[in-house]
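Please work through the exercises below with the sequence and the model side by side. Each one sets a task and then solves it step by step.

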Amino acid sequence: MTTRTKTTKTPPTTGRRLRYVLEFDGASRGNPGPAGAGALIRAPRGDEAEDDDEDDDEDDDSRKGGEIIKEICTSLGVATVNEAEYHALLTGLKAAIQLGVQDIKVRGDSNLIVSQVKGEWKVKEPRLIPLHAECNEMKKKFRRFDIAHVRREFNKDADALANSAIDDGTHTNDYEYRNGGSSGGGGFNGGGGEGLGGGNVNAAARMLRRTHYANIARATLCTMRFARIALL
């Protein structure tokens with residue numbers, strides 16, 4: 001398993017109860033096949049109410065958090081898409097805890113994982129049982145934890161990270177993003193691998209891959225919508 005992280009800001013320490021947003025997604029090409037997990041954490045929006053109790057399924061991104069403060073890509077080797085989804089969620093929760101986040105709102109496009117974490121659906125797949133149990137333990141570490149299902153088009157950033165993790169699966173070791181690194185502009189640093197260390201060319205390549213997979217996701221959804229219309 002190979003993990004790459006990027007931290008852009010440290011959450012502010014304040015007495016106000018701030019709610020952060022975690023977006024996660026898993027990808028598997030073959031199911032099972034080469035798999036990756038992606039997660040990102042957004043800072044609270046300035047206009048978000050502290051006593052917001054909404055945890056229902058969200059059909060739009062009107063309540064998306066603020067700017068992204070952390071991104072995580074994890075190459076998983078061979079796994080099913082549901083395993084990848086759980087790993088993405090766990091990776092994001094661990095990152096949130098490391099950042100000192102106490103109130104978290106989680107969003108994912110897998111209705112299965114969201115419903116299982118909510119306790120609405122039973123976990124029947126043996127390989128998912130320990131992952132689900134670990135999620136339940138991680139939930140206890142937050143003062144407040146909510147999870148909601150979102151449509152795929154509103155989860156494209158996490159999806160792009162998951163697919164990027166599959167593409168970069170040959171890279172090794174953990175990569176930590178450091179602002180003002182040796183490249184002068186910050187970037188991923190780590191031992192081994194194939195040169196993820198902070199270069200502008202590599203950063204541009206990663207951005208192109210993210211845009212590419214986001215465009216694929218949008219095109220797929222448009223095709224599905226037109227197909228439904230044609231059947232009416």
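Of the 232 residues of the chain, 47% count as buried, where buried means under 20% relative accessible area, exposed over 50% and partly exposed in between, with a 1.4 Å probe and protein chains only. The model is predicted, and for that reason local features need pLDDT of at least 70 and side-chain atom pairs count only at pLDDT 80 or more, while totals for chains, interfaces and linings use all residues. Residues are numbered from 1 along each chain as its sequence is written, and side-chain values use heavy atoms, with hydrogens and water left out.

**Exercise 1. Establish which elements the chain holds and in what order they run.**

Begin with the count: the chain has 5 helices and 8 strands, where helices (H or I, at least four residues) and strands (E, at least two) are DSSP runs, numbered from the N terminus. Then read the order from the N terminus on, which is β-β-β-β-α-β-α-α-β-α-β-β-α. Finally, turn to contacts, defined as heavy atoms within 4.5 Å: among those between residues at least 6 apart in sequence, 76% join residues at least 24 apart.

**Exercise 2. Describe how β3 pairs with β2 and with β4.**

Strands pair if DSSP finds at least two bridges between them. In the first step, β2 and β3 are found to run antiparallel, joined by 8 bridges, and S28 has A35 in β3 as its bridge partner. The hairpin of these strands has 4 residues between them, and G30 there takes a positive phi near 130°. In the second step, β3 and β4 pair over 10 bridges, again in the antiparallel sense, with A37 standing opposite T74 in β4. As a last step, consider the surroundings of β3: 9 of its 10 residues are buried, so the strand is largely enclosed by the rest of the structure.

**Exercise 3. Locate G65 and decide whether this residue is buried or exposed.**

G65 belongs to the loop between β3 and β4. Its relative accessible area is 13%, and therefore G65 is buried. Next, compare sequence with space: G65 and I41 are 24 residues apart along the chain, and their C-alpha atoms are separated by 8.6 Å. Leaving aside neighbours within four places in sequence, G65 is in contact with V21, R42, A43 and R45.

**Exercise 4. Find which residues touch the most other members of the largest nonpolar core, and follow the contacts of I104 and A96.**

A nonpolar core is a set of buried Ala, Val, Leu, Ile, Met, Phe, Trp, Tyr and Cys residues joined through side-chain atoms within 4.5 Å. The largest one has 36 residues, of which L89, I104 and V106 touch the most other members. At least two residues of this core come from each of several elements, including β2 (19-28), α1 (81-98) and α3 (129-139), and α1 gives the most, with 8 residues.

Now take I104, which touches R19, Y20, V21, L22, A96, F142, R144, F145 and D146, not counting residues up to four places away in sequence. A96, found in helix α1, is buried because its relative accessible area is 0%. With its neighbours within four places set aside, A96 is in contact with I41, V101, I104 and F142. A96 and V21, 75 residues apart in sequence, are 9.4 Å apart in space, C-alpha to C-alpha.

**Exercise 5. Search for aromatic pairs and disulfides.**

Rings of Phe, Tyr and Trp (its six-membered ring) pair if their centres lie within 6.5 Å, and planes under 30 degrees apart count as stacked, over 60 as edge-to-face and the rest as tilted. The whole structure yields 1 aromatic pair. F142 and F145 form this tilted pair, at 6.4 Å centre to centre and with 45° between the planes. F142 is buried at a relative accessible area of 7%, and F145 is buried at 17%.

For disulfides, look for cysteine sulfur atoms within 2.5 Å; the structure holds 0. C73 counts as buried because its relative accessibility is 5%, and C135 counts as buried at 0%.

**Exercise 6. Check the span of α4 and its covering.**

The expected span of a helix is 1.5 Å times one less than its number of residues. The 12 residues of α4 (residues 156-167) should therefore span 16 Å, and the end C-alpha atoms are 16 Å apart, which agrees. This helix is mostly covered, with 9 of its 12 residues buried, among them A158, L161 and I166.
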